[in-house]
Amino acid sequence: MNFKLQSTFKPTGDPDRSSAKRNPTGQANRNNMQPAKFKLVVPFKPTGDQPQAITKLVQGLKKNYRAQTLLGVTGSGKTFTMAQVIAKSNRPALVISHNKTLAAQLASEFRQFFPQNAVHYFVSYYDYYQPEAYLPSSDTYIEKESQLNEEIDRLRHAATQSILSRRDTIIVASVSCIYGLGSPAEYSRVKISLQPNESVPRQKLLRRLANLRYERADIDFRRGTYRVKGEIVDIYPAFSLDRFYRLHYEADIIKRIEECEILTNEPLTTLPMVDIYPATHYLAPTEQFEQSLNQIEADLKIEVATLEKANKLIEAQRLQERTNFDLEMLRTVGYCNGIENYSRYFDSRKINEPPYTLMDYFPPDALVFIDESHMTIPQLTAMSAGDKSRKQTLIDYGFRLKAAADNRPLNFTEFNKRVNTLIYVSATPADYELNKSEQIVEQLIRPTGLLDSTIEIKPTKNQVDDLVAEIKARVAKKQRVLITTLTKRMAEDLTDYLQDEDLKVQYLHSEVDTLERLEILRDLRLGKYDVIVGINLLREGLDLPEVSLIVILDADKEGFLRSTTALIQTMGRAARHLDGHVIMYADTITKSMKQAISETERRRRVQADYNKAHQITPQTIIKAIAEDRLAGNKPVEEIPLLKQLNLQKLDRVEVAHIIRDLENQMALASANLEFERAATLRDQIKELKTLT
């Protein structure tokens with residue numbers, strides 16, 4: 001997704017978002033925050049079940065319901081309903097999704113709904129992450145390895161700075177929002193506020209920038225650096241994409257502040273003030289830094305003595321050597337590898353006290369939506385136990401101090417304590433959500449009047465021949481088919497067989513590259529393929545209105561992929577087509593099948609009765625491919641770099657250099673799940689290669 005971030009914030013007051021319980025002396029002065037309101041910009045009004053769902057949810061908020069559930073069928077416009085609730089309540093919102101792809105899709109949709117407000121994307125900033133671990137059985141120590149994604153790190157900074165400075169903010173996040181992030185009070189307290197005609201000695205400013213982990217880079221000017229040229233100081237904020245701040249000095253007075261474009265260095269606008277936040281979310285308070293190191297040393301002595309008393313001499317020596325090395329690094333350069341394992345000391349937290357997370361950056365009245373809650377809630381509950389087991393092994397064998405255990409994700413109880421208002425969103429909410437909700441709002445009616453798919457159960461005998469006949473009947477009508485299998489091998493073998501039957505078919509599973517996966521789905525819509533065979537990739541979040549038939553093989557094999565929830569989600573992929581139909585090949589009817597069929601038939605009755613009462617004729621969703629979010633389907637837009645250059649006047653060496661740069665950008669966009677931009681960059685590269 002192509003997120004164009006606002007690069008200027010105008011916060012006032014103390015933007016700390018921590019609760020009084022966690023930060024009794026640092027509560028935010030919310031009365032001074034920007035009073036901007038959410039402005040929903042859409043060319044249509046709520047229809048179908050949306051108006052009553054919106055009204056009930058908003059009323060629930062007014063009644064101070066802590067938890068509600070939006071049970072919305074596939075294609076009913078749940079995201080639009082969420083946007084309406086945010087706009088009508090005018091409260092900051094956190095939307096949690098269970099994977100990066102859906103989070104990126106949601107962020108893109110919310111940006112379209114709220115073009116004048118701040119919508120941000122917050123996911124894990126690692127392209128690759130191998131946590132530190134120890135395997136006692138083989139005496140194997142695995143050192144932490146990670147590859148930081150600079151672009152996602154920038155998006156994370158943009159998100160936190162926005163929620164600290166303005167109320168009209170929506171952050172769409174993955175479950176990484178429950179991992180340690182550093183104190184919002186400290187992050188906000190140390191920010192540098194600058195305005196014209198203010199006396200700020202340059203040397204003092206440069207020292208403060210260094211304390212915020214900004215580096216001086218007079219030549220290699222990049223995000224998180226500053227440069228000095230005579231009476232001018234340029235600062236490239238940690239959150240900015242292509243803008244930087246230019247301060248014009250006269251003696252020690254800042255006479256003018258400009259926002260400039262990074263490529264051309266040309267000023268774009270004059271600013272009345274700017275706030276410079278730290279270049280890292282984790283920043284140890286300078287006034288208690290030495291005190292924290294002294295406490296680490298004191299705890300080290302105690303824990304080494306404990307290990308020696310237990311005759312764990314190797315573990316004691318290991319712990320002493322590793323911790324003393326870290327202490328020396330911290331005293332020398334203010335940083336060490338694995339500094340997060342000492343976060344409890346720098347945050348002044350007590351033993352077992354949970355870390356600060358993105359949740360602490362939000363005000364108490366924020367709305368929290370848990371999208372696809374039947375998938376997201378289990379993820380939120382599972383994170384803590386695995387992390388605890390790994391950390392405890394490191395502690396037991398002398399690789400880390402006991403404080404490392406407090407560098408962890410929130411457990412589910414701690415997560416719930418940080419949320420005052422929850423709305424679960426799913427077509428198939430689990431018992432947990434239903435039991436916790438004070439109100440369950442159903443959104444069964446689609447704006448198009450479409451009913452849930454019809455369902456047919458067929459025996460497995462001769463199922464492949466029957467399947468071929470069903471596919472050909474749909475292909476004759478220029479409709480598409482999705483087939484779900486239980487294994488990758490089965491998906492590939494079935495694809496080969498169907499290709500031998502002269503059908504245009506492709507398989508889709510987790511080993512297919514992400515960008516290629518999106519291309520395959522786009523080609524399905526375009527008609528290059530008529531059939532896609534997959535496993536569980538054909539469930540949540542796919543918007544394919546051309547699909548009229550869903551085929552579920554081995555439907556009677558009870559398990560995760562054939563549970564009630566999985567079956568309902570899978571069947572929902574055909575609910576965007578007037579002829580939506582589901583075929584289950586099974587020799588017995590399992591409990592999951594029976595429940596899924598019963599629920600689908602109930603929804604069909606409600607939908608049919610509504611259509612009859614309101615004289616609605618169901619219509620297949622018609623959605624232009626150019627409007628979809630699949631890779632490669634957007635009109636090609638020029639990359640900013642190319643707009644500035646006359647390509648015909650460049651020699652081959654310069655063109656080759658530009659191609660390499662664009663290839664790096666394409667790889668980064670793909671890693672960030674910005675598939676539209678990646679495809680656009682790919683097309684630009686192809687165009688440039690014709691010049692070499």
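Buried means under 20% relative accessible area and exposed means over 50%, with partly exposed in between. With those words settled, welcome to a short tour of this structure, which is a predicted model.

## Charged pairs

Side chains of opposite charge can pair when their charged atoms come close. Across the whole structure, a search turns up 36 salt bridges. Three of them are set out here, each with its N to O distance.

| Salt bridge | N to O distance |
|---|---|
| E215 and R222 | 3.0 Å |
| R331 and E297 | 3.2 Å |
| D523 and K528 | 3.9 Å |

Let us begin with the pair that links two helices. The side chains of R331 and E297 meet in a salt bridge, at 3.2 Å from N to O. R331 belongs to helix α8 and E297 to helix α7 (residues 289-309), so this pair ties together parts that are 34 residues apart in sequence. How accessible is E297? With a relative accessible area of 29%, E297 is partly exposed, because partly exposed covers the range between under 20% and over 50%. R331 has a relative accessible area of 38%, so R331 is partly exposed as well.

The side chains of E215 and R222 also meet in a salt bridge, with 3.0 Å from N to O. E215 has 45% relative accessibility and therefore counts as partly exposed. Its partner R222 is partly exposed too, because its relative accessible area is 33%.

Is D523, at 13% relative accessibility, buried or exposed? D523 counts as buried, because 13% falls under the 20% limit. This residue forms a salt bridge with K528, and the closest N and O atoms of the two are 3.9 Å apart. Elsewhere, salt bridges that share partners bring E132, R322, D326 and R400 together in one network.

## Around helix α8

Helix α8, which spans residues 313-333, has more to show: F325 is found in it. At 52% relative accessibility, F325 counts as exposed, because exposed begins over 50%. Which residues join F325 in a nonpolar surface patch? They are M329, V333 and Y335, and the patch made by these residues together with F325 covers about 380 Å².

Just before α8 comes a residue with a backbone angle that may catch your eye. N311 sits in the loop between α7 and α8. Its phi is near 65°, which is a positive value in a residue other than glycine. N311 is exposed, because its relative accessible area is 60%.

K478 offers another such case, with a positive phi of about 60° although it is not a glycine. Where does K478 lie? Its place is the loop between α13 (463-476) and β22 (480-484). With a relative accessible area of 72%, K478 is exposed.

## Helices that cross

Two packed helices are described by the angle between their axes and the distance between the axes. Consider helix α1 (residues 50-62) and helix α2 (residues 78-89): their axes come within 9 Å and cross at roughly 40°. That angle makes α1 oblique to α2, because it lies in neither the parallel range, under 35 degrees, nor the perpendicular one, 65 to 115. The crossing in which α1 passes α2 is right-handed.

Further along is the pair of helix α16 (residues 564-571) and helix α17 (residues 591-614). Their axes come within 8 Å and cross at roughly 45°, and α16 and α17 are therefore oblique to each other. Here too the crossing is right-handed, with α16 passing α17.

## Contacts across the sequence

Two further pairs are worth a look in the viewer. L549 has its place in strand β25, which covers residues 547-552. L549 is buried, because its relative accessible area is 0%. How far apart in space are L549 and I583? From C-alpha to C-alpha they are 7.6 Å apart, while 34 residues separate them in sequence.

K686 lies in helix α20 (residues 675-689). With a relative accessible area of 53%, K686 is exposed. The C-alpha atoms of K686 and I659 are separated by 9.0 Å, and these two residues are 27 residues apart along the chain.

Note on methods. Residues are numbered from 1 along each chain as its sequence is written. This is a predicted model: local features need pLDDT of at least 70, side-chain atom pairs count only at pLDDT 80 or more; totals for chains, interfaces and linings use all residues. Side-chain values use heavy atoms; hydrogens and water are left out. Patches are made of residues with over 30% relative accessible area and no salt bridge: like charges are joined within 9 Å, nonpolar side chains (Val, Leu, Ile, Met, Phe, Trp, Tyr) within 5 Å. Accessible areas come from the Shrake-Rupley method with a 1.4 Å probe; for residues, only the protein chains shown count as cover. A salt bridge is a side-chain nitrogen of Lys or Arg within 4 Å of a carboxyl oxygen of Asp or Glu. Helices (H or I, at least four residues) and strands (E, at least two) are DSSP runs, numbered from the N terminus. Buried means under 20% relative accessible area, exposed over 50%, partly exposed in between (1.4 Å probe, protein chains only). Axes are lines fitted to C-alpha atoms, for helices over the stretch in contact, and angles run from 0 to 180 degrees between N-to-C directions. Angles under 35 degrees count as roughly parallel, over 145 as roughly antiparallel, 65 to 115 as roughly perpendicular and the rest as oblique. A crossing is left-handed if the near helix is turned anticlockwise from the far one by less than a right angle, and right-handed if clockwise.
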